[in-house]
Amino acid sequence: MKKLMLVLAAAALLFSCSKDPKEEVPSGQFDYMGTMEVIYFDVNYPSPETVFTVMYDQEAGKAELLLHQVKFVPMMPVTLDILVPDITAKASDGKVVLTGNEIIPLTYPARIEYDRYMVTDLTGTIDGDKLTLSLKFGDYPTTFEGTLVE
């Protein structure tokens, strides 16, 4: 009987020690600084110290992405603020998974459409203080890895 009680106590202890659930990512606006890389005609163009802002609405399951003062390639004559609206954002296990396809990017704040550079294959995650993204602007693969700016 003593052994049975010991086994039951051990089992109760084992099942009561579950992993702490990861914190939910709250709705809000978050700035990330990191490196954006664009592949343009088989050449990789990195842009360090680029800032991306994620505007996340947990309840709606949506996000918008604002790229600040980006120059996709050195030959580009100007820098632009680009908004990628209507991104699907699903919270799971303390992360936010971002997905999207066939999204027309807009200049910001003027909101002029750039349908020639339609966003496709967008995937990414917000995990702790890290943002990682992969997408195409038109035919041009683009990635971003950044850290939350506090």
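# Group meeting talk: strands, salt bridges and a pocket

Let me start with one residue: Thr107 sits in strand S6, which covers residues 106-107. Before going on, please keep in mind that this is a predicted model.

Is Thr107 buried or exposed? Its relative accessible area is 10%, and because buried means under 20%, Thr107 counts as buried. Leaving out residues up to four places away in sequence, Thr107 touches Asp81, Ile112 and Tyr114.

Now let's step back to the whole chain. The protein chain has one helix and nine strands. Reading from the N terminus, the order is α-β-β-β-β-β-β-β-β-β. There are 150 residues in the protein chain, and 33% of them count as buried. If you take the contacts between residues at least 6 apart in sequence, 42% of them join residues at least 24 apart.

A buried residue to look at next is Phe52. You will find Phe52 in strand S2, residues 43-57, and its relative accessibility is 1%, so it counts as buried. What does Phe52 touch, not counting residues up to four places away in sequence? Its contacts include Phe30, Tyr32, Met36, Leu65, Leu67, Val70, Leu131, Leu133 and Phe144. Asp31 and His68 are among the residues touched by Phe52 as well. We met Asp81 as a contact of Thr107, and here is how Phe52 relates to Asp81: the two are 29 residues apart in sequence, with 9.7 Å between their C-alpha atoms.

On to the strands and how they pair. Let's take S4 and S5. These two pair in the antiparallel sense over five bridges, and one of the facing pairs is Lys90 opposite Val97 in S5. S4 and S5 form a hairpin with two residues between the strands, where Asp93 takes a positive phi near 55°.

S5 also pairs with S7, again in the antiparallel sense, and over six bridges. Here Leu98 stands opposite Gly124 in S7, and Gly100 has Leu122 as its bridge partner in S7.

S7 then pairs with strand S8, residues 130-137, in the antiparallel sense over seven bridges. Asp127 stands opposite Lys130 in S8. S7 and S8 form a hairpin too, with two residues between them, and Gly128 in that turn has a positive phi of about 65°.

Here is a nice thing to trace on your screen. In a regular strand the side chains alternate between the two faces of the sheet. Which residues of S5 point to the buried face? They are Val96, Leu98 and Gly100, which are buried, while Lys95, Val97 and Thr99 point to the other face and are not.

Lys95 brings us to salt bridges. How many are there? The count comes to two salt bridges.

In one of them, Lys62 pairs with Asp86, and the closest N and O atoms are 3.2 Å apart. Lys62 lies in strand S3, residues 62-70, and Asp86 in strand S4, residues 80-92, so this salt bridge ties together parts that are 24 residues apart in sequence. Lys62 is partly exposed, at 31% relative accessible area, and Asp86 is partly exposed at 49%.

The other salt bridge joins the side chains of Asp127 and Lys95, at 3.8 Å from N to O. Asp127 is in strand S7, residues 119-127, and Lys95 is in strand S5, residues 95-100, so the pair ties together parts that are 32 residues apart in sequence. Asp127 counts as partly exposed at 31% relative accessibility, and Lys95 counts as partly exposed at 30%.

My last stop is the largest pocket. Its volume is about 410 Å³. It is lined by 17 residues, and the closest to its centre are Phe72, Val73, Met76, Tyr117 and Tyr140. Where does the lining come from? Strand S1 (28-40), S4 and strand S9 (140-148) each supply at least two residues of it. Sorted by class, the lining of this pocket has 15 nonpolar residues, one polar and one charged.

If you want a place to begin exploring on your own, find Lys95 in S5, then follow the salt bridge across to Asp127 in S7. From Asp127, look to Lys130, which stands opposite in S8. Thanks for listening!

Key
Residues numbered from 1 in each chain as written. Predicted model: local features only at pLDDT ≥ 70, side-chain atom pairs only at ≥ 80, totals over all residues. Heavy atoms only, no water. Salt bridge = Lys/Arg side-chain N within 4 Å of Asp/Glu carboxyl O. Helix = DSSP H or I, 4+ residues; strand = E, 2+ residues; numbered from the N terminus. Buried < 20%, exposed > 50% of the residue type's maximum accessible area, 1.4 Å probe, protein only. Contact = heavy atoms within 4.5 Å. Pairing = 2+ DSSP bridges. 1 Å grid on protein atoms, 1.4 Å probe; cavity = no way out; pocket = protein on both sides within 12 Å on 5 of 7 lines; lining within 4 Å. Points joined across faces, edges and corners; volume = space filled by probe spheres on them. Nonpolar A, V, L, I, M, F, W, Y, C, P; charged D, E, K, R; others polar.
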